[in-house]
Amino acid sequence: MSAPRIVTTAAELRAATEGARSGGRTVGFVPTMGFLHEGHRALMAAARADCDLVVVSIFVNPLQFGAGEDLAGYPRDLERDLAACAAEGVDLVLHPSVEEMYPRPMVTTVTVAGITERLCGASRPGHFAGVATVVAKLFNIVGPCRAYFGKKDYQQVAVVRAMVEDLAIPVEVVARPTVREDDGLARSSRNTYLDEAARRDAVALSRAIRATTEAVRGGRRDRAELERDLEVALDAAPGVVREYAEVLRGRDLVPTGTIEVGEEYVVAVAARVGAARLIDNATFTVAPGGAVHVDLGVLGDGRAFDGA
Ligand code: AMP
């Protein structure tokens with residue numbers, strides 16, 4: 001477990017990844033905003049298993065925070081992050097300043113239409129333009145690679161995939177399962193905002209999501225009904241203020257009448273719990289034979305989380 005090399009400029013990073021690729025080595029890339037936890041570490045481990053050179057970026061991207069959001073207070077701990085990167089065998093950490101990434105006000109923005117209309121796109125105007133723009137810039141700096149993202153940010157993965165496809169960016173996007181605490185809470189850097197009571201209340205998100213996927217397993221197929229019960233479950237949870245609760249077709253993130261066979265659906269929620277705004281989701285697919293496949297994510301040790 002040797003310490004990763006830390007670089008702060010795009011030029012240094014590009015030289016390293018170009019050098020690797022010209023020597024026939026593959027590059028794995030994990031973009032993050034730091035304050036790394038098991039969810040990030042699972043992405044690093046996947047990159048380490050698949051690729052020769054593993055790059056992690058740590059950059060709290062101002063473009064994706066709206067006015068009144070937690071940009072200034074976003075948790076940071078570079079030393080601990082570097083230890084996590086070392087433990088996962090990461091080769092290179094890109095830790096640029098805001099001035100390095102944005103030396104002058106950006107006049108170019110990448111916007112992805114359609115799939116950004118609902119969920120966090122509706123409640124955080126401009127958020128996904130900020131995400132798509134920084135990810136496009138990071139992809140241009142890192143160059144051709146496999147890039148690892150967490151399904152915890154389901155809509156973000158959809159946005160990045162659409163951008164990569166539309167703009168023919170030479171990056172292979174890999175989506176990995178949501179990593180959860182033992183009680184089901186999705187790991188998040190923002191969980192650090194939760195005090196003891198809020199931490200207890202926060203489990204309501206994954207419980208409500210699981211109740212929905214259990215209802216699908218039990219034969220419910222009316223999408224609006226599933227969504228209404230999801231809302232009711234969240235609204236009944238103490239300390240939880242719902243922002244959204246939706247059951248959408250995953251491919252285009254739109255509501256459909258009933259649950260369509262063979263299509264992936266996402267059960268997605270966002271809520272304020274104490275001082276934190278948390279998001280969570282799970283996916284399910286009803287197979288043509290009627291079998292229901294549910295993905296609720298995994299525990300820290302990689303075992304599937306079933307919530308039971
Ligand atoms: P962030 O640092 O929050 O921007 O997240 C960086 C990457 O880690 C994104 O691809 C996230 O989806 C992913 N990630 C964050 N939390 C989790 C989690 N609990 N499980 C899996 N991936 C996650």
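In this predicted model, a polar side-chain atom of D153 lies 2.6 Å from an oxygen atom of the ligand. The backbone takes part as well: a backbone N or O atom of M33 is found 2.9 Å from an oxygen atom of the ligand, and for G150 a backbone N or O atom lies 3.0 Å from an oxygen atom of the ligand. On its own the ligand has 490 Å² of accessible area, and the protein covers 93% of that.

Where does the ligand sit? Its place is the largest cavity. Three elements give two or more residues each to the shell around the ligand, namely the strand β2 (27-32), the helix α2 (38-50) and the strand β5 (145-150). Of the elements, α2 gives the most to this shell, with three residues.

A look at the individual residues helps to fill in the picture. The ligand is surrounded by 17 residues, and the closest of these are M33, H40, D153, V179 and R187. How many residues of the shell are nonpolar, polar or charged? Seven are nonpolar and seven are polar, while three are charged.

Stepping back from the ligand, the protein as a whole can be described. It contains 10 helices and 12 strands. The radius of gyration is 19 Å for these 308 residues, close to the 19 Å given by the globule rule, so the protein is as compact as a globular protein of that length. Along the principal axes, the C-alpha trace of the protein spans about 55 × 45 × 40 Å.

Key: Residues are numbered from 1 along each chain as its sequence is written. This is a predicted model: local features need pLDDT of at least 70, side-chain atom pairs count only at pLDDT 80 or more; totals for chains, interfaces and linings use all residues. Side-chain values use heavy atoms; hydrogens and water are left out. A residue is near a molecule or strand if one of its heavy atoms lies within 4 Å of it. A polar contact is a pair of N or O atoms within 3.5 Å; within protein, one must be able to donate a hydrogen and the other to accept it, and residues adjacent in sequence count only if both atoms are side-chain atoms. Accessible areas come from the Shrake-Rupley method with a 1.4 Å probe; for residues, only the protein chains shown count as cover. On a 1 Å grid over the protein atoms alone, a cavity is a set of points where a 1.4 Å probe fits but cannot get out, and a pocket is an open set with protein on both sides within 12 Å along at least five of seven lines; lining residues have an atom within 4 Å of a point. A molecule sits in a cavity or pocket if more than half of its atoms lie within 2 Å of its grid points. Helices (H or I, at least four residues) and strands (E, at least two) are DSSP runs, numbered from the N terminus. Ala, Val, Leu, Ile, Met, Phe, Trp, Tyr, Cys and Pro count as nonpolar, Asp, Glu, Lys and Arg as charged, and the others, Gly among them, as polar. The radius of gyration is taken over C-alpha atoms; the globule rule is 2.2 Å times the number of residues to the power 0.38.
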